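Subject: Structure handover and notes

Hello,

Here is the structure we spoke about, with the sequence alongside. My notes on it follow below.

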Amino acid sequence: MTIQMGLPFPQDAAQAGMQESRALAAKHSRRNTFRTWDPPRGDMGRVPREWQIQSGLTQSVPDDLAPFVEWFHNQPEARERFRWALRDSLDELLDGRRTGRWAYQHLTKTEKTYLGTAVEVNLTKEFDINNGADLDWSIAELDIDCKFSKDLGGWEIPMEMYLCAAHGDRGGRANHVAVLTWMNDDKSEWAAGIVRVTDERLRWRQAPDANGELVRAYNRDNKRRIDPSTKSDVYWLWGGLQRDLPTNLLLHLEPETRKRILSAKRPGRASSGQQRVNQLFLEVQDRLIGRQTVLTVAQQDDSPKRARDARIQLRQRGIVVLGHQGSHPHAARALELPAPVKGEWISTRLVPVSSDDARPKFSLDGQFWARVRVDEMDFDPVPAPDLPDKKKIDGQNDSGADLAS
């Protein structure tokens with residue numbers, strides 16, 4: 001038996017176990033207390049008129065940017081991975097499971113500052129980007145940096161990014177290239193551009209005491225922004241403005257719907273994670289609900305279990321909660337709903353139908369099931385079928401095409 005030296009060996013093993021556990025801290029912890037937040041009063045960021053960009057842009061790729069543009073275009077599913085890296089970066093800071101936050105505006109000033117770092121870290125991991133010689137990234141064996149701003153056009157460029165005789169030793173060794181990233185969660189928009197930084201492309205201003213002479217427009221950190229007049233020098237990946245930042249479900253719900261979800265409780269009891277998740281699947285049907293939303297609504301360590309338990313508790317109300325395993329994706333496709341993948345769920349209310357009903361449907365143990373119609377919503381619910389993970393179903397769409405698992 002080898003005894004590790006340098007560590008105290010307590011006489012009371014039970015007391016030592018208590019000291020090494022989280023129990024003592026958890027007795028007074030505020031981090032796991034259910035919290036609610038007011039709707040944001042202001043916008044996440046600004047889009048100045050001079051920086052507005054369009055979707056579907058057709059641009060010629062500048063020769064000096066071609067290696068970087070080609071690299072991104074050659075990455076499998078690059079656009080999808082990029083937009084989800086942006087979504088995940090913001091969600092990590094919101095940390096809904098511990099904080100209950102669901103909007104950028106709920107972050108502290110320090111956390112907002114860190115968002116750019118989180119974006120760079122997640123893109124680095126997602127695309128397995130190597131370190132550069134002078135900058136953070138090396139793409140196509142060339143140095144490149146990643147910049148993020150919540151304000152379109154608000155990227156801050158440090159001195160080491162470009163050549164400038166006036167900077168002396170603080171200046172860069174080349175006019176480097178930057179990836180410019182931006183997102184607005186309020187509008188589910190994002191963009192990614194590539195530009196070579198030069199002294200001339202950055203902002204200048206008129207010196208107040210130098211007869212109108214132009215001088216470099218530094219901020220307090222000796223950084224400068226890209227001048228809007230050089231916006232055309234930015235090559236926008238995937239055609240410019242993107243309008244499909246993965247949806248922040250809680251942010252975009254109707255306020256009253258969100259309030260009902262986050263205040264759900266049993267009569268005479270305090271709000272509970274299980275009741276809130278149940279209400280989520282009742283209120284938000286026929287659309288995918290991601291893990292982050294469930295974590296934020298439940299605010300519990302075992303939040304995903306609340307989704308699985310909701311499946312059991314909502315069956316009597318005719319609701320199925322479909323996940324990613326077994327027959328569930330097949331049932332979703334048979335009903336012409338989006339099929340959940342791991343970390344996603346979708347709920348819908350079902351009704352028993354005849355085999356000749358024209359609606360998309362599936363059969364289980366000889367009974368056909370379809371999504372409820374509006375004119376059937378007031379009928380007493382029929383308990384939904386139990387769909388065990390390994391249970392096979394037979395499915396047909398309205399054309400009779402077989403969708404069986």
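What percentage of the 405 residues in the protein chain do buried residues make up? The share is 45%. Please keep in mind that this is a predicted model.

Overall layout

The protein chain has 12 helices and 15 strands. Taking contacts between residues at least 6 apart in sequence, 63% of them join residues at least 24 apart.

Nonpolar cores

The largest nonpolar core holds 35 residues, and the members that touch the most others are Phe82, Leu115, Met183 and Ile194. Two or more residues each come from helices H3 (66-74), H4 (78-94) and H6 (109-127), and from strands S1 (137-139), S2 (142-149), S4 (177-184) and S5 (189-196). H4 supplies the largest share, with 7 residues.

Met183 is worth listing in full. Setting aside residues up to four places away in sequence, Met183 touches Met44, Leu86, Leu90, Leu115, Val119, Phe148, Ser149, Lys150, Glu189, Trp190 and Leu245. A second core, separate from the one above, has 22 residues, among them Val277, Phe281, Leu314 and Ile319. As general background, nonpolar side chains in soluble globular proteins tend to be buried together.

Aromatic pairs

The whole structure contains 11 aromatic pairs. One of them joins Phe72 and Trp238 edge-to-face, with 6.5 Å centre to centre and 80° between the planes. This pair links distant parts of the chain, 166 residues apart: Phe72 sits in helix H3, and Trp238 in the loop between strand S9 (235-236) and helix H7 (249-252). Phe72 has a relative accessible area of 1%, so it is buried.

Another pair, Phe82 with Phe127, is tilted, at 6.3 Å centre to centre and 45° between the planes. Because Phe82 lies in helix H4 and Phe127 in helix H6, the pair ties together parts that are 45 residues apart in sequence. Both rings belong to buried residues: the relative accessible area is 0% for Phe82 and 4% for Phe127. These four residues also belong to one aromatic cluster, formed by Trp71, Phe72, Phe82, Phe127, Trp190 and Trp238.

Helices H8 and H9

For a helix pair, the description consists of the angle between the axes and the distance between them. The axes of H8 (residues 255-262) and H9 (residues 273-283) cross at roughly 145° and come within 7 Å. On the H8 side the contact uses Thr257, Arg260, Ile261 and Leu262, and on the H9 side Arg276, Gln279, Leu280 and Glu283. By type, the residues of this contact are 3 nonpolar, 2 polar and 3 charged.

Cysteines

A disulfide is a covalent bond between the sulfur atoms of two cysteines. How many disulfides does a search of the whole structure find? The search returns 0 disulfides. Two cysteines can be noted by accessibility: Cys146 counts as buried because its relative accessibility is 6%, and Cys164 counts as buried because its value is 12%.

Ser363

One last residue is Ser363, in strand S13 (residues 361-364). Is Ser363 buried or exposed? With a relative accessible area of 11%, Ser363 falls under the 20% cut-off and is therefore buried. Apart from neighbours within four places in sequence, Ser363 is in contact with Phe368, Ile393 and Asp394.

Regards

Key:
Residues are numbered from 1 along each chain as its sequence is written. This is a predicted model: local features need pLDDT of at least 70, side-chain atom pairs count only at pLDDT 80 or more; totals for chains, interfaces and linings use all residues. Side-chain values use heavy atoms; hydrogens and water are left out. A nonpolar core is a set of buried Ala, Val, Leu, Ile, Met, Phe, Trp, Tyr and Cys residues joined through side-chain atoms within 4.5 Å. Buried means under 20% relative accessible area, exposed over 50%, partly exposed in between (1.4 Å probe, protein chains only). Helices (H or I, at least four residues) and strands (E, at least two) are DSSP runs, numbered from the N terminus. Contact means heavy atoms within 4.5 Å. A disulfide is a pair of cysteine sulfur atoms within 2.5 Å. Axes are lines fitted to C-alpha atoms, for helices over the stretch in contact, and angles run from 0 to 180 degrees between N-to-C directions. Ala, Val, Leu, Ile, Met, Phe, Trp, Tyr, Cys and Pro count as nonpolar, Asp, Glu, Lys and Arg as charged, and the others, Gly among them, as polar. Rings of Phe, Tyr and Trp (its six-membered ring) pair if their centres lie within 6.5 Å; planes under 30 degrees apart count as stacked, over 60 as edge-to-face and the rest as tilted.
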